[in-house]
Amino acid sequence: MASDFDSPALRYHQEPKPGKLEIRATKPLANGRDLALAYSPGVAEASSAIHTDPARASDYTARGNLVAVVTNGSAVLGLGNIGALASKPVMEGKAVLFKKFANIDCFDIELNESDPEKIADIVCALEPTFGAINLEDIKAPDCFIVEKLCNERMNIPVFHDDQHGTAIVVGAAATNALRVAGKAFEDIKIVSTGGGAAGIACLNMLLKLGVKRENVWLCDIEGLVYEGRENDMTPQKAEYAQGKTPATLDDVIEGADLFLGLSGPNVLKPDMVAKMADRPIIFALANPTPEILPEAAREVAPQAIIATGRSDFPNQVNNVLCFPFIFRGALDVGATEINDAMKLGCIEGIAALARETTSAEAAAAYSGEKLTFGADYLIPKPFDPRLMGVVATAVARAAMESGVATKPIADLEAYKADLDGSVFKSALIMRPVFEAAATSSRRIVFAEGEDERVLRCAQATMEDLTEQPILIGRPDVIAQRCERAGLKIRPGDFQVVDPNNDPRYRDYWGTYHSMMARRGVTPDIARAIMRTNTTAIGAVMVHREEADSLICGTFGQYHWHLKYLTECLGTGQVGTDQLHPVGALSMMILEDGPLYLADTHVHDQPTPEQICETVIGCARHVRRFGITPNIALMSRSQFGDQDCGTGRTMRAALDLLDSEDRDFVYEGEMHVETALNPELRARIFPDSRLTGQANVLVFGNSDAASGVRNILKMKAGGLEVGPILMGMGNRAHIVTPSITARGLLNMTALAGTPVAHYG
């Protein structure tokens with residue numbers, strides 16, 4: 001028992017509360033009115049509407065986004081027939097994956113029933129509750145019977161993931177493995193071990209992809225499946241019978257192009273691999289011990305292309321690449337079934353995604369692995385956030401084209417954008433900025449051009465935006481890091497400024513010296529800075545109009561970067577008389593929407609005049625996101641109840657703002673709670689100009705602003721866009737060292753928007 005309590009897996013399942021799921025209300029239930037709407041008498045209206053038109057169930061209930069994971073625990077992966085109760089942790093885990101990867105709600109249902117026809121009866125009776133059914137871990141051949149009966153009798157998708165999920169991922173991996181090996185489905189010989197649900201489904205899918213039936217050889221524990229064999233046979237196995245005499249795996253493996261193993265450990269021996277065709281493809285998918293370990297296969301076939309079911313080897317064939325997204329697409333179009341066209345669409349989406357450049361998010365989740373398409377990267381990783389948009393859209397399209405969609409989607413591109421927005425928290429809120437950036441083509445120079453995040457951002461910029469990236473860094477280092485990160489871009493695809501060897505070096509240090517000669521900078525210092533300080537180099541480029549905007553700050557201290565931007569681009573330089581840092585605006589994307597914070601970095605203790613400038617800048621920039629600013633001035637004082645420093649500053653700033661007509665709403669000074677709670681504010685200050693929640697909080701010092709920013713990031717799961725450097729005419733932005741590649745892409749879109757777009 002002591003070892004049980006020491007188990008991380010058991011602690012994970014037990015603490016802080018048992019299990020992996022809970023149910024939460026999605027509507028308020030705080031008072032009598034809420035209760036009347038949620039239950040009696042208001043609920044009667046929803047029930048009556050559904051009684052009149054059953055299709056409205058998806059409008060008024062959670063059914064349209066609710067899946068049941070159903071099992072009897074008779075064939076749990078790696079555990080066998082452990083029964084319904086013991087399978088519950090596995091099914092809860094499946095439900096968590098649905099929620100995590102596709103935002104689908106899920107109930108796990110474990111049945112104490114072994115009769116497949118009775119299981120089908122139970123599942124069919126559940127149709128009013130669910131939008132789709134995921135059958136799981138039911139032994140063969142019972143699983144075939146259950147799925148067939150349910151599909152015949154139900155008008156919602158029923159999908160046995162052990163069969164079809166595995167088959168789809170195997171199909172995607174095989175598609176790309178053949179591409180790497182230079183072979184075609186119609187030409188290959190396949191030898192498979194294991195005649196269970198997953199094995200048969202995989203073979204069926206490979207036939208749909210073009211494999212010829214006569215080129216498939218199926219073996220199981222009794223040896224080759226041949227015509228007339230009586231031992232351990234099923235109708236599904238009989239479909240793949242070859243010949244009329246017994247044979248072993250060793251007898252039939254010779255010349256095989258693809259070995260498909262869904263059986264048991266160490267079934268495939270190295271001497272068998274040696275008999276296979278050149279560049280053999282080996283899918284050894286038994287768990288936890290595969291049919292052959294990759295290192296053993298490569299000892300006799302160094303060029304073998306290998307996939308397993310394990311996460312500690314390349315090319316893990318994992319159903320999570322498929323099932324959340326095929327259900328997402330099916331639910332969203334109201335599919336009545338999941339048909340072959342949808343499965344093939346899923347395969348195409350998964351396979352194509354692996355051939356694209358790896359996402360920065362997947363690279364971060366699998367740090368240290370080289371995620372470049374090839375023999376060791378045939379299928380995407382489960383944490384690649386692009387899977388949702390790519391695969392679910394492919395499935396939805398296939399459902400509509402094959403005629404099983406009851407709620408067709410008019411604009412699939414917009415649908416994909418919405419799916420991406422549900423995964424990339426910044427996608428929807430950033431859409432107006434990206435649309436504005438698409439109307440121009442600005443040159444964006446990145447000071448830290450050797451940073452992998454910058455390289456990934458540059459790749460995405462060239463693929464998704466019209467901006468032209470310019471990278472400051474050593475070309476050989478940039479090329480090496482692009483190769484290591486699996487990126488397609490290389491120096492030559494974009495402009496590179498090499499601090500060690502650029503023909504403009506003389507012009508750059510001369511320009512910098514001319515700006516700084518009366519500030520103590522000698523020619524020698526100017527030369528040294530232009531060799532070593534990439535932020536200064538980028539600022540000089542923008543000053544010389546060789547770039548339109550600079551992004552810097554992926555490492556180093558904010559004010560260090562700000563010093564050089566102010567020197568080269570701020571007040572006093574030619575053509576920039578009005579440019580000076582006003583403040584830093586951070587947009588925090590929270591579960592209930594965005595909240596803007598200022599000034600998080602520039603002014604430690606701003607004056608009333610600086611606060612006034614910050615408020616005006618915030619209003620201008622918030623509108624870039626298509627949001628109407630509702631600005632609150634923060635202080636320890638609340639509407640004059642304390643004579644403290646920030647209170648006096650905010651009251652003076654309010655007077656300055658009131659001295660002219662403004663086209664936005666602002667109010668102060670107040671506490672954060674008062675800004676975000678309209679009912680509390682109405683009690684304290686009934687005549688407030690603000691209506692509803694404030695969406696912009698302007699603080700009296702950067703400590704407070706930065707502290708709230710970090711709390712929202714670390715404790716509330718807030719995603720930051722920014723910080724946006726206001727007051728510099730969009731000519732420079734300083735990010736923070738914690739920024740991600742997607743964060744840099746967001747900043748590139750902001751920097752790529754001409755000032756005219758946001759006034």
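This briefing walks through the confidence, backbone geometry and cysteines of the structure above. The model is predicted, and the protein averages a pLDDT of 91. Two cis peptide bonds are described below, one leading into proline 288 and the other into proline 723. A search of the whole structure for disulfides turns up zero.

**Confidence**

- Alongside that average pLDDT of 91, 95% of the residues score at least 70.
- Residues 1-5 are a place for caution: pLDDT stays under 50 there, and the model has two contacts for this stretch beyond four places in sequence.
- Where pLDDT is low, predicted coordinates should not be read in detail.

**Cis peptide bonds**

- Asparagine 287 is joined to proline 288 by a cis peptide bond, with omega near 0°.
- Proline 288 lies in the loop that runs between strand E9 (281-284) and helix H14 (294-300).
- Glycine 722 and proline 723 are also linked by a cis peptide bond, again with omega near 0°.
- Proline 723 sits within a strand, namely E20 (residues 719-726).

**Asparagines with positive phi**

- Asparagine 266 has a positive phi of about 60°, although it is not a glycine.
- Look for asparagine 266 in the loop between strand E8 (258-261) and helix H13 (270-275).
- With a relative accessible area of 41%, asparagine 266 is partly exposed.
- Asparagine 315 is not a glycine either, yet has a positive phi of about 60°.
- The loop holding asparagine 315 connects strand E10 (305-308) with helix H15 (323-332).
- Asparagine 315 is buried, its relative accessible area being 4%, whereas asparagine 266 is partly exposed.

**Cysteines without a disulfide**

- A disulfide is a covalent bond between the sulfur atoms of two cysteines, and the search of the whole structure finds zero of them.
- Cysteine 482 is in no disulfide, and the nearest cysteine sulfur, in cysteine 457, is 12 Å away.
- The cut-off for a disulfide is a pair of cysteine sulfur atoms within 2.5 Å.
- Cysteine 482 is also buried, at a relative accessible area of 0%.
- For cysteine 552, the closest cysteine sulfur belongs to cysteine 568 and is 11 Å away, so the two are too far apart for a bond.
- Cysteine 552 counts as buried too, with 0% relative accessibility.

How values were computed:
Residues are numbered from 1 along each chain as its sequence is written. This is a predicted model: local features need pLDDT of at least 70, side-chain atom pairs count only at pLDDT 80 or more; totals for chains, interfaces and linings use all residues. Side-chain values use heavy atoms; hydrogens and water are left out. Helices (H or I, at least four residues) and strands (E, at least two) are DSSP runs, numbered from the N terminus. Buried means under 20% relative accessible area, exposed over 50%, partly exposed in between (1.4 Å probe, protein chains only). pLDDT is the predictor's confidence in each residue, from 0 to 100. Contact means heavy atoms within 4.5 Å.
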